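Student: I would like to learn how to read a structure, one feature at a time. Could we start with contacts and then go on to strands, cores and charged pairs?

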Amino acid sequence: MKKVLIIACLVISNGLYAQDFLIGPTVSYQSQAGNMLKIGGYYLQPLAGNAIGIKLEANAQMAYFREQFFVTPEGSLTFYPTFNNLIIPFAEAEITPYTLTPKIGLSVATIVEFGLGYGFDTKVKTDLKPINGFTFSLGINIPLNAF
């Protein structure tokens, strides 16, 4: 199973070099003052001859805090300093109406991403605890045009 996953990631990451951009849905889990599910879409643009990349993402954060279900819009910008390896480092900034969250992390062929960061509270939502502090996330980006 491990070999199949490695081969699949290599094939998909090689598809990145054949494309001008990648686009698709994204699903992730984030823990920041509670558990959140994030669903959205992304656009990844390789730059400088596929040496670096920029990803734009729009998500809906869904959570159940203090007996309330809420959905918050989120936008993010991710910078990949290299595409030369299967494991790719990244730096990301996420913004919602209530938080600003810088993150760093590792990505497997830009498909599976693990990030760590710290969220800064910019505005407290009425009847809801502040969403700030240490955060970690695990996400999956599904490239629809990898081949």
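Tutor: Start with the contacts in the protein chain that have a separation of 6 or more: residues 24 or more positions apart account for 46% of them. Keep in mind throughout that this is a predicted model.

Student: What does the secondary structure of the protein chain come to?

Tutor: The protein chain has one helix and eight strands. Along the sequence the order is α-β-β-β-β-β-β-β-β.

Student: How many of the residues count as buried, as a percentage?

Tutor: Of the 147 residues, 41% count as buried. The accessible surface of the chain is about 7,800 Å², and 71% of that belongs to carbon and sulfur atoms.

Student: How do I read the side chains along a strand?

Tutor: In a regular strand, side chains alternate between the two faces of the sheet. Strand E6, residues 99-108, is the case to look at here. Thr-99, Thr-101, Lys-103, Gly-105 and Ser-107 point to one face and are buried. Leu-100, Pro-102, Ile-104, Leu-106 and Val-108 point to the other face and are not buried.

Student: Which strands pair with E6?

Tutor: Strand E5, residues 87-95, runs antiparallel to E6 and is joined to it by nine bridges. Within that pairing, Ala-93 has Pro-102 of E6 as its bridge partner. Strand E7, residues 112-121, also pairs with E6 in the antiparallel sense, over eight bridges. There, Val-108 stands opposite Val-112 of E7.

Student: What joins these strands along the chain?

Tutor: A hairpin of three residues leads from E5 to E6. E6 and E7 also form a hairpin, with three residues between them. In the turn of that second hairpin, Ala-109 has a positive phi of about 55°.

Student: Take one residue of E6, Thr-101. Is Thr-101 buried or exposed?

Tutor: Thr-101 has a relative accessible area of 1%, and the cut-off for buried is under 20%, so Thr-101 counts as buried.

Student: What does Thr-101 touch?

Tutor: Leaving out residues up to four places away in sequence, Thr-101 touches Gln-32, Glu-92, Ala-93, Glu-94, Tyr-118, Gly-119 and Thr-135. With Gln-32 there is also a polar contact between the two side chains, at 3.5 Å.

Student: Where is Ser-31, and what does Ser-31 touch?

Tutor: Ser-31 is in strand E1, residues 22-31. With residues up to four places away in sequence again left out, Ser-31 touches Phe-134, Thr-135 and Phe-136. The relative accessible area of Ser-31 is 17%, so by the cut-off of under 20% Ser-31 is buried.

Student: How should I read a nonpolar core?

Tutor: In soluble globular proteins, nonpolar side chains tend to be buried together. In this model the largest nonpolar core has seven residues: Leu-22, Tyr-42, Leu-44, Tyr-80, Phe-83, Ile-88 and Phe-90. Strand E2, residues 35-47, and strand E5 each supply at least two residues of this core. Another core, of five residues, lies apart from it, and among its members are Met-36, Phe-65, Phe-70 and Ile-131.

Student: And how should I read charged pairs?

Tutor: Side chains of opposite charge can pair when their charged atoms come close. A search of the whole structure finds six salt bridges. In one of these salt bridges, the side chains of Lys-38 and Glu-94 meet at 2.8 Å, N to O. The pair links distant parts of the chain, with Lys-38 in E2 and Glu-94 in E5, 56 residues apart. Both Lys-38 and Glu-94 are buried.

Student: Which residues are linked with Lys-38 and Glu-94 in a network of salt bridges?

Tutor: The network also includes Glu-74, Glu-92 and Lys-103. Lys-103 is one of the E6 residues on the buried face.

Student: Which residues form salt bridges with Lys-55?

Tutor: Glu-57 is one, with the closest N and O atoms 3.3 Å apart. Glu-113 is another, with the closest N and O atoms 3.0 Å apart. Lys-55 lies in strand E3, residues 52-65, and Glu-113 in E7, so this pair ties together parts that are 58 residues apart in sequence.

Student: How accessible are Lys-55, Glu-57 and Glu-113?

Tutor: Lys-55 is buried at 0% relative accessibility. Glu-57 is buried at 10%, and Glu-113 is buried with a relative accessible area of 8%.

Note on methods:
Residues are numbered from 1 along each chain as its sequence is written. This is a predicted model: local features need pLDDT of at least 70, side-chain atom pairs count only at pLDDT 80 or more; totals for chains, interfaces and linings use all residues. Side-chain values use heavy atoms; hydrogens and water are left out. Helices (H or I, at least four residues) and strands (E, at least two) are DSSP runs, numbered from the N terminus. Buried means under 20% relative accessible area, exposed over 50%, partly exposed in between (1.4 Å probe, protein chains only). A polar contact is a pair of N or O atoms within 3.5 Å; within protein, one must be able to donate a hydrogen and the other to accept it, and residues adjacent in sequence count only if both atoms are side-chain atoms. Contact means heavy atoms within 4.5 Å. Two strands pair if DSSP finds at least two bridges between them. A nonpolar core is a set of buried Ala, Val, Leu, Ile, Met, Phe, Trp, Tyr and Cys residues joined through side-chain atoms within 4.5 Å. Accessible areas come from the Shrake-Rupley method with a 1.4 Å probe; for residues, only the protein chains shown count as cover. A salt bridge is a side-chain nitrogen of Lys or Arg within 4 Å of a carboxyl oxygen of Asp or Glu.
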